[in-house]
Amino acid sequence: MNLLDLILLLPAAGFLAVLLLPRRNPGAARGVALAVSLAVFVLSLALAAPVWKDGSTMQFVTDADWIESPAIRYHVGVDGLGIWLVLLATLLTPVCVLVSWRHIDRRVKEFYAFLLLLEVGLIGVFVALDLFLFYVFWEVSLVPMYFLIGIWGHERRIYAAVKFFLYTMAGSVLMLACIIYLYNRTGTFDYTSLLAMINAGDLILSRPEQLLLFLGFFIAFAIKVPLFPLHTWLPDAHVEAPTAGSIMLASVMLKMGTYGLVRFALPMFPTAAREFAWWIVILAIIGIIYGALVAMVQPNMKKLVAYSSVSHLGFVVLGIFTFTQAGLDGAVYQMLNHGISTGALFLLVGYLYERRHSLEIADFGGVATAAPNLSTVFMITMLASIGLPMLNNFVGEFLVLVGSAQVDFRWTVFAAIGVILSACYMLWLYQRVFFGETPEKVREKVYDLRPREWAAAIPLVALMVWMGTVTKTFLPPVSARNAEILRQTTVNAEFLVEAPPGARGAAAEAVEVADAR
Amino acid sequence: MNFLDAIWLIPLFPLFGAVLMFLIGRRLDPQPERSPEALEPELAEAMGEDAGQEHGHHPRFAPTRRLISWICPGTVLVSLLFSIGAVVQLAGLAEKAHQVILYTWLAGLPFHMGDGAVGRFAADLGFLLDPLSGVMILVVTFVGFFIHVYSIGYMGHETGYYRFFGYLNLFVFFMLTLVLANNYALLFVGWEGVGLCSYLLIGFYFHRKSASDAGIKAFVVNRIGDAAFILGIFMIFALTGTVRFLDVNQALHGLSAETAGFGVLSLTALLLFVGATGKSAQIPLYVWLPDAMEGPTPVSALIHAATMVTAGVYMVARSNALYSLAPETMAVVATIGALTAIFAASIAFAQNDIKRVLAYSTVSQLGYMFLAAGVGAYWVAIFHLFTHAFFKALLFLGSGSVIHAMGGEQDMRKMGGLKDKIPTTFWTMAVASLAIAGIPGFAGFFSKDEILWQAWSSPYGSKALWAVGTVTALMTAFYMWRLMYMTFWGECRADEHTKAHIHESPPVMTVPLTVLAAGSVLAGWLGVPKAWAFLPGSFHAFEHWLEPVWVAAAHEAGQGAHEAALEWALMGLSVLLAVAGILIARYLYVQRPELPDRIAEASGPLYPALLNKWYVDEIYNFLFVDGLAKGGGRVLGRFDQAIVDGGVNGAGWMTRFASAVSGWWDTWIVDGTVRLIAFAVKMISYPVRFLQTGFVQQYAAVILAGMAVALGYYLIK
């Protein structure tokens, strides 16, 4: 058993431990959850150094039999693509524990138990190397989130929880079908073996096979991202979820979709991925602009942030389907950025809700006078979210735009419109909530940040600055892995690329990329 | 000490001040407790800048506040000293460019470029000091320092003092980053950063809706330009494979100019220029600058007159190698510049708010700078930027001093006769107004005259551009002196209460005014007209200093054909027009003050159009804000709810409907059949039940009866 297994095991053990605690003592549940999640976070930091040195190969690999027939293996490992997402999950879990400290006051024990189970699922998704295991973790993460929304949510929680569950389920069943198809073709669920077969020419998926399999995986992932027009479960889920649920959902769960695209859909079905790229990019760009415009008119803060997520995730998908190094690097970076900054936005909106017991923008105003520190932190987060240079989102958006400009300059132009719009809705939100006269109710109820709230917010703000200024800390392992994935997308692929992508007006010539055989 | 290698420190000093204010500012300057009762006077104070100074209801401020007054201007002073040191040492170098690269900020793996070569995307955190950035850092730190000093007095009675200085220092940091950056990506960092500070400072009085509205407007309008700018950066990168200025210039050197038609180079240059129109408030993106006057007056002076708004001019000058390859775009730049100059000047005619007149004047003067850049005379553009920084900052600070004296009043119709009451303010502003009007000997004359001469004589110029510029010069002299005469001459039109309290500002404000006034005279003498051949070479120092920055083509264009007699004639004409403008203003506003109203009445729709700024704001609001953004958002929001989510809910409904149907089918048809069969069997078997009763006696009776029937049958037979 290596460190990675321990990191998976510990929150699972914590889940059981919290369940066994007496119900009378909610403090114990909080304490255990905080201790376990912090321990997991500290342990997971130790994963970073080896992966940083070599991001392109799998490290901390455990490959053991789980079920003999069908041959399902417990095969986990972490590389440059997964490492920061694992760290994101392990960082945000203690943050969520802190955020929920007072906010959650009924069924406390169960709440923290589900939070830890959610962590298991999320980490598992990012490290699983067996397709069946991946599917198991994918579903494991679904269940606690369903309960987090359904039990601790707001008024329409049942509707939102059921919608969330069924919508995601609908996609993942398609994925399962595709996984089983692959098993029938090859006799293995193992991702690395599958790739090895593809590379060796033992597994050649024909074009129609690829198209169908890709679509199955893609729909599952696109619902999770969520990509326009499959996004409407997201605003409902966010509005109804408790703060911690919103944070985990936006910051980590949405990344399961984009991670899946990069990890599975691209390398295994390159022909299909390239063929559909145009259409997917169009959906992504629609999502970028559409999400921003719809966000503009939302009267509810959480809904606004939810639609802004649709817009931001559009950037990620755009970056992925540029099939360029810069685009893919930017996409992965943007996943992390979105996790940090949108997580922080939900956190701060949660703070506002705890004070004023409302999510309606119209109920606020002049908060800057009542709570200057809260306003400052919100300001920094907002600036990060709208992509101000030297804060994290800028780097991701910049790289995505660089990548898309290499393929088609028009994509970049449209995506840049999204950047303009993001400033509009965020600044307008900020003005209506924080500026202006302070109404009586706000002055009475809205107090400034407390130490526990600072503790949850500071790591996120620090990361915004760090990721914005010192990209070298994070980018090299990601780049290394992405280079590998890009190379893999040329194997067993029959497609036409315009090569080289020419901004100079050089006549683009069609080049047939060689079949692996 | 080697200041050249320390240029990266120059922006960091003000950053230090900003971070300090951010961390401990509130402790140094504790804010007065805001009880509901206290809020009202405080708000009134915020609205009227410092209306109640003499009335003594200012909150008491902590003595530690003085520390802020030392730290924040101090950091800029240190930057100024370092800048002077660095520029002096730069002058001693043979190769007039010094690069300091700290580390790679953005890095990516190699990939294929447009021509098939392998490129590597990288952007340094690196700084470049050359004659151009040298001029810029001197302007920024020098003017910036004196505006900081002035602010000590101006903001002395305001709450949020630490916040103001923190933002101001942060601004200086970003501005210095912008001008010292050695590549486009880092320049963009400064570019966005100054926009952020502008947003924060415009909305400094955030209780006021108009202030936060103006802040958002500035940010969003700038964002539009920024988006184009960043697209331009990508194009540059695609063209040259680098974003470092020196390397870009080198790579562009090999390319030939796009003389025929509009190609990639022209597109790139145009995208950059759209970025510049946002930051430097040119048509069509100038609308944010007049509204930006909602900010405190020192902010208007520093950000919205002297430094930030000139960033676009700097960027275009910095990209001169690119523009010289794209003559079509240069024509666009010159035309937009000239149009903006005359358009904004026309609006300035009818404004009554003293700061708004200055704002439109700034827009107009920036137009002049782009006119110069567009005709290839980059050094003249920078020269005008240089002189303008002094006299326009002075005009704003002077207007601040006037507003201060008038107890927060900004409407010139309620001023008048201040000449003797605030003499220092008056004299310094008079110097600046003479400078901007173009009276010989004052700084503005030299730079403006050179622009007009270049517009006439440069191969990229034309008589039309010259004519627009010259008419604008007349208009400038008129509206500036309209401002002067309305403010300082005639009867004081303020109410008695205000009148009694008119006072000259304290030395901490008047000293900066005096220094800038000196600058407004002297700065021009670095670039006297070439026709003034009788002056020694050092009077042409500005042009020679900047020479190494320009690529050869642009430099030659800048020279033009020099005919001294013609130059003298044009110069004479523009001076005559300037004097005429001043005299007309004097006639209308001092000698016959009743005339302007009659002219306005007689002008028909023209005057209301000017007063309402040609209704551009209303049109933009209708089309873009309410139309595209909010309207589009609302429509899409409904679409999202009704169609997209409706589809999902519809699918859910369909599923439930289908299951209801299936349930019905299952209950009544499938199960129904089963039950029907059962029922039928039951029905069929029903008669049998009468026989099969299970009673033995009954069976015996039936047997007996049967036997009796059988026997009877045989007996009867």
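Reader: What is a salt bridge, before we start?
Author: A salt bridge is a side-chain nitrogen of Lys or Arg within 4 Å of a carboxyl oxygen of Asp or Glu.

Reader: Thank you. How many are there between chain A and chain B?
Author: The count between the two chains is one salt bridge. It joins the side chains of A:K163 and B:D645, at 2.5 Å from N to O.

Reader: Where do these values come from?
Author: This is a predicted model, in which local features need pLDDT (the predictor's confidence in each residue, from 0 to 100) of at least 70, side-chain atom pairs count only at pLDDT 80 or more, and totals for chains, interfaces and linings use all residues. Residues are numbered from 1 along each chain as its sequence is written, chains are lettered from A and ligands numbered from 1 in the order in which they are written, and side-chain values use heavy atoms, with hydrogens and water left out.

Reader: How many residues does each chain bring to the contact?
Author: Chain A gives 69 residues and chain B gives 60 residues, where contact means heavy atoms within 4.5 Å.

Reader: And what area is buried there?
Author: About 5500 Å² is buried between chain A and chain B, with 72% from carbon and sulfur atoms. Buried area is the accessible area (1.4 Å probe) that two parts lose on being put together, summed over both.

Reader: Changing topic, how confident is the prediction for chain A?
Author: Its mean pLDDT is 87, and 95% of the residues of chain A reach 70 or more.

Reader: Where does the pLDDT fall below 50?
Author: That happens over residues 496-517 of chain A. Beyond near neighbours in sequence, this stretch has 37 contacts in the model.
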